[in-house]
Amino acid sequence: SISVKMMEMSKQKRYAEMKIVACTETFKTNPAVQFAAATFILPDGNLVVVFRGTDDSLIGWKEDCDIFVKRSIPSHVLAVNYLENVAKHFDGDITVLGHSKGGNVALFAGLNCSESTRARIKALYNNDGPGFFDYSLFRTRQYKDLLPRYNHFIPSSSFVGVLMAFDKDYTVVKSKRLLGPMQHDLATWQVADTDIKTLPRASKLAK
């Protein structure tokens with residue numbers, strides 16, 4: 001479970017000085033919902049809200065399929081509510097992020113939360129998350145407002161990150177893998193110290 005994973009993370013030196021709070025999971029079959037999130041309180045008091053991507057369950061994959069046919073999935077609503085609750089109960093600037101479906105719901109939450117919560121978002125990271133049903137969210141005032149703080153990363157031959165209606169405000173990252181589906185794995189993304197290695201927009205899919 002996410003709580004067990006968070007406890008294991010707390011034992012690592014990298015996370016030793018952070019507090020992990022508000023761990024939550026939701027699994028339902030009708031409608032299909034696979035949602036998980038947690039919040040890290042950094043040593044400086046600022047917050048990092050993390051939304052998990054798809055797990056190995058059939059429910060998770062069913063909800064992924066719903067992204068293709070619905071304007072909103074249950075995880076979108078849960079993500080907005082989660083972000084609002086974190087903003088209500090904790091002080092500090094907020095960084096919001098997620099990978100794959102987690103990136104999709106992170107962006108949805110950032111665009112659909114209240115203005116007061118959005119004003120506290122220091123940065124939002126969408127790591128190779130799929131797009132949405134249509135482009136309507138990218139034409140909103142909220143997207144324009146969030147754009148200076150929005151970071152969309154996709155690998156050089158991205159597959160997941162260019163599904164459906166996706167934004168063109170992305171940065172291409174270098175992966176250790178050659179093939180698109182394998183590049184989706186965050187563990188293959190290359191870093192130098194604390195910086196992600198980036199590439200020109202050379203992908204045939206990401207143009």
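## Salt bridges across the chain

In this predicted model, the side chains of Asp134 and Arg71 come together in a salt bridge, with 2.1 Å from N to O. Asp134 belongs to the loop between β5 and α6, while Arg71 sits in the loop between α2 and α3 (74-89), so the contact ties together parts that are 63 residues apart in sequence. The two partners fall into separate exposure classes: Asp134 is partly exposed, with a relative accessible area of 22%, whereas Arg71 is exposed, at 54%. If you are looking at the 22% of Asp134, note that buried means under 20%, so Asp134 is partly exposed rather than buried.

The structure holds four salt bridges, and another of them joins Glu25 to Arg52, where the closest N and O atoms are 3.6 Å apart. Here too the pair links distant parts of the chain: Glu25 is in strand β1 and Arg52 is in the loop between β3 and α2 (58-66), 27 residues apart. Glu25 is partly exposed, having a relative accessible area of 32%. Arg52 also counts as partly exposed, with 22% relative accessibility.

One more salt bridge brings the side chains of Glu115 and Arg141 together at 3.0 Å, N to O. This pair connects helix α5 (residues 115-119), which holds Glu115, with helix α6, which holds Arg141, and the two residues are 26 apart along the chain. Glu115 counts as exposed, at 51% relative accessibility. As general background, side chains of opposite charge can pair when their charged atoms come close.

## The eight-stranded sheet

Now to the strands. Eight of them form an open sheet with mixed pairing, in the order β1-β2-β3-β4-β5-β6-β7-β10. The edges are taken by β1 and β10, each with a single partner strand, so one side of each has no neighbour in the sheet. In general, strands of a sheet pair through backbone hydrogen bonds, either parallel or antiparallel.

Both senses of pairing can be followed here. Strands β1 and β2 run antiparallel and are joined by nine bridges, with Phe27 standing opposite Gln34 in β2. Further along the sheet, β3 (residues 47-51) and β4 (residues 94-99) run parallel and share five bridges; Val48 has Thr95 in β4 as its bridge partner. Strand β4 also pairs with β5, again in the parallel sense, over six bridges. On that side, Leu97 has Tyr125 in β5 as its bridge partner.

## Backbone details to check

Which peptide bond is cis? The one from Asn30 to Pro31, with omega near 0 degrees. Pro31 is placed in the loop between β1 (19-29) and β2 (32-41), and these are the strands that pair antiparallel over nine bridges.

Two residues are worth a look for their phi values. Ala22 is not a glycine, yet has a positive phi of about 55 degrees. Ala22 lies in strand β1 and is partly exposed, with a relative accessible area of 34%. Asp128, another residue other than glycine, has a positive phi near 55 degrees. Asp128 is found in the loop between β5 (121-127) and α6 (141-146), and with a relative accessible area of 0%, Asp128 is buried.

## Patches on the surface

Where does positive charge gather on the surface? Lys174, Lys176, Arg177 and Lys197 make up a patch of positive charge there. Among them, Lys197 sits in the loop between β9 (195-196) and β10 (198-199). Lys197 is partly exposed, with a relative accessible area of 34%. Patch members need over 30% relative accessible area, so a partly exposed residue such as Lys197, at 34%, can still qualify.

There is a nonpolar patch as well, formed on the surface by Leu178, Leu179 and Met182, which together have about 360 Å² of accessible area. One of its members, Leu178, lies in the loop between β7 (170-173) and α7 (180-183). Leu178 is exposed, with a relative accessible area of 79%.

Conventions
Residues are numbered from 1 along each chain as its sequence is written. This is a predicted model: local features need pLDDT of at least 70, side-chain atom pairs count only at pLDDT 80 or more; totals for chains, interfaces and linings use all residues. Side-chain values use heavy atoms; hydrogens and water are left out. Patches are made of residues with over 30% relative accessible area and no salt bridge: like charges are joined within 9 Å, nonpolar side chains (Val, Leu, Ile, Met, Phe, Trp, Tyr) within 5 Å. Accessible areas come from the Shrake-Rupley method with a 1.4 Å probe; for residues, only the protein chains shown count as cover. Lys and Arg count as positive and Asp and Glu as negative; His and the chain ends are not counted. The place of a charge is taken as NZ of Lys, CZ of Arg, CG of Asp or CD of Glu. Helices (H or I, at least four residues) and strands (E, at least two) are DSSP runs, numbered from the N terminus. Buried means under 20% relative accessible area, exposed over 50%, partly exposed in between (1.4 Å probe, protein chains only). Two strands pair if DSSP finds at least two bridges between them.
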